[in-house]
Amino acid sequence: MGFSDLLDEVGGFGRFQLIHVTLLAIPGLLMASQNLLNNFTAGVPAHHCRIPNITAALNESTATLLRAFIPLDSSSLTLSKCSRYTDAQWHLITDTSAYTNATGLQTEGCAEGWTYDKAEFISSIVSEWDLVCTLRPLKQMSQTIYMGGVLAGSIIFGGLSDRFGRKALLVWSYFQLAVLGTFTALSPSYVVYCILRFLTGMSVSGVILNTVSLKVEWIPTKTRTLVGTISSFFFTFGQMILAGVAYSLKDWRKIHVAVCLPFFIFFFYSWWFSESSRWLVLNGRSEEALKNLHRVAKINGKPEMTEKITLEVLESHMQKEIQSSKSVYTVFDLFKTPTMRKISMCLVCVWFSTSFAYYGLAMDLQKFGVNIYLMQIIFGVVDFPAKLVALLMLSFLGRRVTQGTCLLMSASVIFANIFVPKDMQITRTALAVIGKGFTSSSFTCVYLFTGELYPTVIRQTGLGFVSTMARIGSMAAPAVLILDEIMPALPSIVYGGSAVLAGFIAFFLPETLDVPLPDTIEDVEEKREKKSLSLKEQAWNESLTLQDIKQGGETCEVNKC
């Protein structure tokens with residue numbers, strides 16, 4: 001008997017769980033906005049050097065006047081983005097051939113700044129602080145700094161949550177994200193913007209990690225797969241909401257306010273949540289845990305259970321876990337015992353590769369040559385069929401097979417794209433969309449899988465540690481794109497190779513389908529020992545059977561059967 005049996009007695013997946021999971025899932029609609037915000041707030045508009053006293057008067061019908069000031073970029077046959085003629089070349093306005101083949105004319109950098117096309121982005125941090133040409137790396141650095149914040153948050157909030165509780169850290173994370181995310185829109189400089197994005201990234205980790213734990217620790221074993229997958233659809237739908245918000249506003253400051261201000265609402269209603277009773281019991285607060293269980297029973301229409309479930313009943317169900325909770329756990333405990341060490345090492349690889357491939361595909365939508373807002377919607381829509389397939393696989397084939405298969409399939413699609421010619425843009429985009437679908441399914445699985453593999457006493461620490469590897473992957477993904485200067489196919493080879501390795505490693509993880517959540521490290525190790533004993537018993541039985549057959553044959557020979 002364990003805590004999962006008590007959950008069944010107070011209504012299983014009842015009215016409380018439905019409200020609880022829904023309220024936890026709603027913020028997921030805007031979590032995608034935080035991670036993918038850079039596609040729109042740091043979008044690069046078409047631009048060229050500003051020509052004083054002339055550029056301001058130009059319109060589409062007189063744009064040919066720019067030929068006298070802006071040279072042609074020979075590689076793209078468009079106006080140069082980072083240079084202009086030192087002296088006006090008026091003869092090039094009417095002589096198209098001379099303009100196309102112009103060489104040897106003296107040029108200079110954009111001393112007066114740049115003029116930006118406002119058709120796609122009215123304002124972005126790129127146009128705000130001129131993050132183009134020599135400052136172009138700063139555009140991507142802002143996303144790397146944000147992911148650095150997410151990384152720091154996964155380390156800090158993971159440990160704090162196991163110490164101070166899931167609810168307290170979740171409430172604080174909502175507040176931090178709402179305040180700092182909204183204040184980001186008021187950033188007076190690039191440095192201030194990056195600092196606020198870093199702190200916002202920390203709160204994003206706090207929201208994600210504590211949301212996962214509060215979900216899995218309040219729902220019965222049999223409904224975890226369905227709840228985990230449906231919850232991930234909120235994140236998927238959020239990608240399309242981001243596209244709509246970004247398209248309607250097209251101003252980076254307004255977009256920040258739009259996607260961060262609603263977290264004040266989440267902060268106010270988060271006080272309704274019940275702290276995890278599992279965590280409360282394991283931290284010596286059994287009376288509070290009992291009150292929460294009684295509250296759940298009443299909301300689920302089982303008021304009679306408030307008399308049957310007493311403090312003694314609760315503690316007797318979790319006696320072993322209470323004894324274990326007297327120990328203090330750290331990240332090092334993830335590697336001290338054989339099974340925990342195996343699980344942690346495998347999950348490190350799976351989390352890193354999933355995030356590495358996902359953000360390698362999703363964070364540079366402008367490279368596809370398709371309308372960026374449409375591309376964001378397509379990337380969101382593909383997640384629905386992908387995650388429905390993942391749900392079926394998770395329910396019938398198990399977590400291990402689903403995790404490994406999604407990673408291997410995403411790798412195969414990434415590798416296939418290497419051999420598609422660049423002029424077949426539609427085919428290349430379609431393959432990228434399919435690959436993104438598989439990596440999204442992998443994310444859905446790994447969040448659920450990790451929460452089920454780690455025991456309650458160290459679940460948040462474990463989630464924080466392995467998701468740290470995911471943040472490192474998301475930080476490394478943009479940097480790998482630089483490798484295309486060495487060989488165009490090299491980034492895809494790196495992304496795909498990482499996914500292949502992680503896909504095979506995922507098959508070494510233990511299966512958790514329909515298995516009760518472990519509460520202590522001893523629970524995890526006992527499962528391994530039971531499995532080992534089961535295999536030994538099977539081998540012993542097979543050995544006895546062979547001996548019986550052999551003895552039977554000898555007896556038959558003696559009796560001349």
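Student: Let's start with Cys-82: is it buried, partly exposed or exposed?
Tutor: Cys-82 is partly exposed in this predicted model, because its relative accessible area is 36%.

Student: And which residue is it bonded to?
Tutor: Cys-82 is joined to Cys-133 by a disulfide, with an S to S distance of 1.9 Å. The link of Cys-82 and Cys-133 is left-handed, with -100 degrees about the S-S bond.

Student: Where do the two ends of that link sit?
Tutor: Cys-82 is in the loop between β3 (78–79) and β4 (84–85), and Cys-133 is in the loop between α6 (125–129) and α7, so the disulfide ties together parts that are 51 residues apart in sequence.

Student: What about Cys-133, buried or partly exposed?
Tutor: Cys-133 counts as partly exposed, because its relative accessibility is 23%. The cut-off for buried is under 20%.

Student: Good to know. How many disulfides are there?
Tutor: The count comes to two. Besides the link of Cys-82 and Cys-133, Cys-49 and Cys-110 form a disulfide, with their sulfur atoms 1.8 Å apart.

Student: What's the handedness of the link between Cys-49 and Cys-110?
Tutor: The link of Cys-49 and Cys-110 is left-handed, with -60 degrees about the S-S bond. Cys-49 lies in strand β1 (residues 47–49) and Cys-110 in the loop between β5 (107–108) and β6 (114–116), so this pair ties together parts that are 61 residues apart in sequence.

Student: How accessible are its two ends, Cys-49 and Cys-110?
Tutor: Cys-49 is buried, at a relative accessible area of 0%. Cys-110 is buried as well, at 12%.

Student: And what pattern do the disulfides follow along the chain?
Tutor: The pattern is 1-3, 2-4, counting bonded cysteines along the chain.

Student: Then there's Cys-346. Why is it not bonded to Cys-349?
Tutor: Because the sulfur of Cys-346 is 8.0 Å from that of Cys-349, which is too far for a bond. The sulfur in Cys-349 is the closest cysteine sulfur to Cys-346. Cys-346 itself counts as buried, with 9% relative accessibility.

Student: Let me switch to charges. How many salt bridges does the structure hold?
Tutor: There are eight salt bridges. One of them is between the side chains of Arg-84 and Glu-112, at 2.6 Å from N to O. Arg-84 lies in strand β4 and Glu-112 in the loop between β5 and β6, so that salt bridge ties together parts that are 28 residues apart in sequence.

Student: Are those two buried or partly exposed?
Tutor: One of each! Arg-84 is buried, with a relative accessible area of 9%, whereas Glu-112 is partly exposed, at 36%.

Student: Which helices does the salt bridge of Asp-383 and Lys-436 tie together?
Tutor: The side chains of Asp-383 and Lys-436 meet at 3.1 Å, N to O. Asp-383 is in helix α20 (residues 383–396) and Lys-436 in helix α22 (residues 425–453), so the pair ties together parts that are 53 residues apart in sequence. Asp-383 counts as buried at 0% relative accessibility, and Lys-436 is buried with a relative accessible area of 0%.

Student: And what about Arg-399 and Glu-452?
Tutor: Their side chains meet in a salt bridge too, at 2.7 Å from N to O. Arg-399 is in helix α21 (residues 399–418) and Glu-452 in helix α22, so to speak distant parts of the chain, 53 residues apart. Both Arg-399 and Glu-452 are buried.

Student: Which residues are linked in a network of salt bridges?
Tutor: Arg-166, Glu-217 and Arg-459 are.

Student: Now the greasy parts. Which residues touch the most other members of the largest nonpolar core?
Tutor: Tyr-174, Leu-314 and Trp-351 do, in a core of 97 residues. Helix α18 (residues 338–362) gives the largest share of this core, 13 residues.

Student: What does Leu-314 touch?
Tutor: Leaving out residues up to four places away in sequence, Leu-314 touches Phe-3, Leu-6, Val-281, Ser-286, Ala-289, Leu-290 and Leu-293. There is also a second, separate core of 21 residues, with Ala-42, Leu-66, Ala-68 and Tyr-190 among them.

Student: Last one: which residues make the nonpolar surface patch?
Tutor: Ile-155, Ile-156, Leu-160 and Phe-164 make a patch of about 350 Å². Phe-164 is in helix α7 (residues 137–164), and Phe-164 counts as partly exposed at 46% relative accessibility.

Technical notes:
Residues numbered from 1 in each chain as written. Predicted model: local features only at pLDDT ≥ 70, side-chain atom pairs only at ≥ 80, totals over all residues. Heavy atoms only, no water. Patch = residues over 30% accessible without salt bridge, like charges linked within 9 Å, V, L, I, M, F, W, Y side chains within 5 Å. Areas by Shrake-Rupley, 256 points an atom, 1.4 Å probe, with all protein chains shown as cover. Salt bridge = Lys/Arg side-chain N within 4 Å of Asp/Glu carboxyl O. Helix = DSSP H or I, 4+ residues; strand = E, 2+ residues; numbered from the N terminus. Buried < 20%, exposed > 50% of the residue type's maximum accessible area, 1.4 Å probe, protein only. Disulfide = S-S within 2.5 Å. Core = buried A, V, L, I, M, F, W, Y, C linked by side-chain atoms within 4.5 Å. Contact = heavy atoms within 4.5 Å.
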